[in-house]
2 protein chains.
Amino acid sequence: MSSIGSQAPGNEQPRAAERILRSARELFYRRGIRAVGVEEVVANAGVTKPSLYRSYPSKDELAAAYLRLYEEEFWARFDAAVGRHPGDPRAQIMDYLEGLSQRVMAPTYRGCGMTNATIEYPEPDHPARRVSEAHKARLRERLCAMAAEMGAPDPHLLGDSLFLLMEGTLVSTQIFHADGPSANVARTAELLISAALGAA
Amino acid sequence: MSSIGSQAPGNEQPRAAERILRSARELFYRRGIRAVGVEEVVANAGVTKPSLYRSYPSKDELAAAYLRLYEEEFWARFDAAVGRHPGDPRAQIMDYLEGLSQRVMAPTYRGCGMTNATIEYPEPDHPARRVSEAHKARLRERLCAMAAEMGAPDPHLLGDSLFLLMEGTLVSTQIFHADGPSANVARTAELLISAALGAA
DNA sequence: GAACTTACGTACCGATCGGTAACATTGTCA
DNA sequence: TGACAATGTTACCGATCGGTACGTAAGTTC
């Protein structure tokens, strides 16, 4: 449910608002939000500034919209991994992590857009930060729920461990692009889950 | 009377360069490098801009200097934990992680200055990024060496796992200040180390 | 006491930042 | 055709960005 322009019937052409959001998605992710000016966003979208400000009240709100789009994409990948292994949470999370360790190898990979935004905007009331915080809380809950589903004696411990592992993978990839510690994330998760389940 | 070079014990006013670096250390860490202008750095230091540019060729180089200071402080904490448990690498890393999980509780905690800088500056040749990348590589090596010292059958796996765990802790603390997954980092590490050592 | 060095401040630079006013163009429906 | 709203454009705003030319005050050396 993207909140950009309303999908009015008969209106199929990619409108300015949509193109701006796609442009922001690309530039904000690759280079960071603070590093990219609105001028560049609209130029990359092939429009001009007033078109941006008619659809978004401010750059901060555009950043928040970018993160909402980013979150959609994230859950699409996550739920796809889950859907591939119905009723088997351990296989679900391993599927996702194996895909992740593949994706982080790409030279264009720049970690998690949400995490990056959180670091760029420490102010607790920033629109972009609010989106990120809500998302991370959802992800953490989801991981703890999966840990419980696995039968972990302490679901919060295993869920949080997996969360830390994921977060560490996302962020350290930006430092070690290939041959980084992220290559070991799947094996580490396997080890961790086995240890957590075995310690019943 | 006055000695050359070393400052006399009664010298009350640190030089401008020193005050600027301390100011940058505080502001860059708390609010981010991009978010803080040089004007604010020098105002907070009680000096003026030309004093900054006499000591540092650019803001980017000041940021790099801040990170070098930050790295010193990091290794001081790390080596202190190591020094408390001679010959016992497992106790060393656990000591450090327990201290870390305490420190991240502080409301002023803003994660790892190096990691944050890496995210703020994706350009591979940025001075600040170079400092961070070198530091993370050193840390990773150190952790792998400690894993080897512990007798881990696959030291790189355990070392990288601990690295991911640490990095995840540092970054996720910025989202969940208290009651976050970071509270479980020590227990997770314990679990992980036991599993890695036991799987011989 | 002139000459030099060191250390710091005043005032300013062009470029770019996020954001806006005013106008031109287009498509839709009466 | 004409009214109207949406979407596009040109040109501009004040604020702030990183960075600098240049003057000033103090200590040192001869």
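Biologist: What makes up the surface near DNA strand D, by class of residue?

Modeller: In this predicted model, the surface near DNA strand D divides into six nonpolar, five polar and five charged residues.

Biologist: Which residues are the closest to DNA strand D, and how many surround the strand?

Modeller: DNA strand D is surrounded by 16 residues, and the closest are A:Ala16, A:Pro50, B:Gly37, B:Ser58 and B:Lys59. Two or more residues each come from α3 (49-55) of chain A and from α2 (38-45) and α3 (49-55) of chain B.

Biologist: Why is α4(B) called oblique to α5(B)?

Modeller: Helix α4 (residues 59-83) and helix α5 (residues 89-103) of chain B pack at an angle of about 130 degrees, and their axes are 8 Å apart. Angles of 65 to 115 degrees count as roughly perpendicular and those over 145 as roughly antiparallel. The angle of about 130 degrees belongs to neither class, and therefore α4(B) is oblique to α5(B). Their crossing is right-handed.

Biologist: Which residues of α4(B) and α5(B) meet?

Modeller: From α4(B), B:Arg77, B:Phe78, B:Ala81 and B:Val82 meet B:Gln92, B:Asp95, B:Tyr96 and B:Gly99 of α5(B). This contact has four nonpolar, two polar and two charged residues.

Biologist: How many residues of chain A are in contact with chain B, and which helix gives the most?

Modeller: Chain A has 38 residues in contact with 38 residues of chain B. On the side of chain A that touches chain B, α6 (113-120), α7 (127-150), α8 (155-172) and α9 (185-198) each supply at least two residues. Helix α8(A) gives the most, with eleven residues. That side of chain A has 14 nonpolar, 14 polar and ten charged residues.

Methods:
Residues numbered from 1 in each chain as written. Chains lettered and ligands numbered in written order. Predicted model: local features only at pLDDT ≥ 70, side-chain atom pairs only at ≥ 80, totals over all residues. Near = placed C-beta within 6 Å. Helix = DSSP H or I, 4+ residues; strand = E, 2+ residues; numbered from the N terminus. Nonpolar A, V, L, I, M, F, W, Y, C, P; charged D, E, K, R; others polar. Contact = placed C-beta atoms within 7 Å. Axes fitted to C-alpha atoms, helices over the stretch in contact; angles between N-to-C directions. Parallel < 35°, antiparallel > 145°, perpendicular 65-115°, else oblique. Left-handed = near helix turned anticlockwise from the far one by under 90°.
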